[in-house]
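Here is a friendly walk through one protein model, strand by strand. Keep the picture open beside you as you read.

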Amino acid sequence: QVQLVESGGGSVQAGGSLRLSCAASGYTRSSGSMAWFRHTPGKEREGVAYIALTFVMRDYSDSVKGRFTISQDNDRNTLYLQMNNMQPEDTAMYYCAAVDETWLESSSRFQDERYTYWGQGTQVTVSS
């Protein structure tokens, strides 16, 4: 049974940093694709960072490009999201997601319906 567990959320002031973690169990992280999504009430869930695990190919939404970095630690079976220069608009519940596909095309890698496995989320709040 695949389980994804996020941690590392919290409150930070604008300009600050946080690092989110996603511990994966029951999932073969040597292949497949993983991503970070975020959701704010009243808005659609937004994909912000993607990684194709085999190729270590990364992609980011325009809203976080240059500020967020997605990475993996295969030894610890953990996915990370380093968030720098955070802004109030980054406030959201953050989720990690995974799918058993080696690579997703750019037109779909930020579509939540492409992902099979989801964590429970971790809240991030950025104050101005």
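## A turn to start with

How many residues lie between S7 and S8 in their hairpin, and which residue in the turn has a positive phi? There are four residues between the two strands, and Asn 77 is the one with a positive phi, of about 55°. Before we go on, please remember that this is a predicted model.

The two arms of this hairpin, S7 and S8, run antiparallel and are joined by six bridges. One pair to look for is Ser 71, whose bridge partner in S8 is Tyr 80.

## An open sheet of four strands

The hairpin belongs to an open sheet. Its four strands come in the order S1-S3-S8-S7, with antiparallel pairing. Strand S1 (3-7) and strand S7 (68-73) are the edge strands, as each of them pairs on one side only. On average, neighbouring strands of this sheet are turned by 15° against each other, if direction is ignored.

Let us cross the sheet from S1. This strand is joined by five bridges to strand S3, residues 18-25, and the two run antiparallel. Here you can find Leu 4 opposite Ala 24 of S3. Next, S3 pairs with S8 over six bridges, again in the antiparallel sense. In this pairing Ser 21 stands opposite Tyr 80 in S8, and Tyr 80 is also the bridge partner of Ser 71 that we met in the hairpin.

Why can strand S8 (residues 78-83) be called largely enclosed by the rest of the structure? Five of its six residues are buried, so the description fits.

## Strand S9 and its partners

Now turn to strand S9, which spans residues 92-99. This strand is mostly covered, with seven of its eight residues buried. Strand S4 (residues 33-39) is joined to S9 by seven bridges, and these strands run antiparallel. Ala 35 stands opposite Ala 97 in S9.

S9 also pairs with strand S10 (residues 117-118), through two bridges and in antiparallel fashion. Ala 97 appears again here, with Trp 118 as its bridge partner in S10. Strand S11 (residues 122-127) pairs with S9 as well, over three bridges in the antiparallel sense. Look there for Met 93 opposite Gln 123.

## The disulfide

A disulfide is a covalent bond between the sulfur atoms of two cysteines. This structure holds one. The disulfide joins Cys 22 to Cys 96, with an S to S distance of 2.0 Å. Cys 22 lies in strand S3 and Cys 96 in strand S9, so the pair ties together parts that are 74 residues apart in sequence.

Is this cysteine pair buried or exposed? Both Cys 22 and Cys 96 are buried. The torsion about their S-S bond is about 50°, so the disulfide is right-handed.

## A closer look at Thr 122

Our last stop is Thr 122, which sits in strand S11. Its relative accessibility is 11%, so Thr 122 counts as buried, the cut-off being under 20%.

What does the side chain of Thr 122 reach at 3.1 Å? The answer is the backbone nitrogen of Gly 9. Gly 9 is also among the residues in contact with Thr 122 once neighbours within four places in sequence are left aside. Others in that group include Glu 6, Ser 7, Gly 8 and Leu 20, along with Ala 92, Met 93 and Tyr 94.

Conventions: Residues numbered from 1 in each chain as written. Predicted model: local features only at pLDDT ≥ 70, side-chain atom pairs only at ≥ 80, totals over all residues. Heavy atoms only, no water. Pairing = 2+ DSSP bridges. Axes fitted to C-alpha atoms, helices over the stretch in contact; angles between N-to-C directions. Buried < 20%, exposed > 50% of the residue type's maximum accessible area, 1.4 Å probe, protein only. Disulfide = S-S within 2.5 Å. Polar contact = N/O pair within 3.5 Å; in protein donor to acceptor, adjacent residues only side chain to side chain. Contact = heavy atoms within 4.5 Å.
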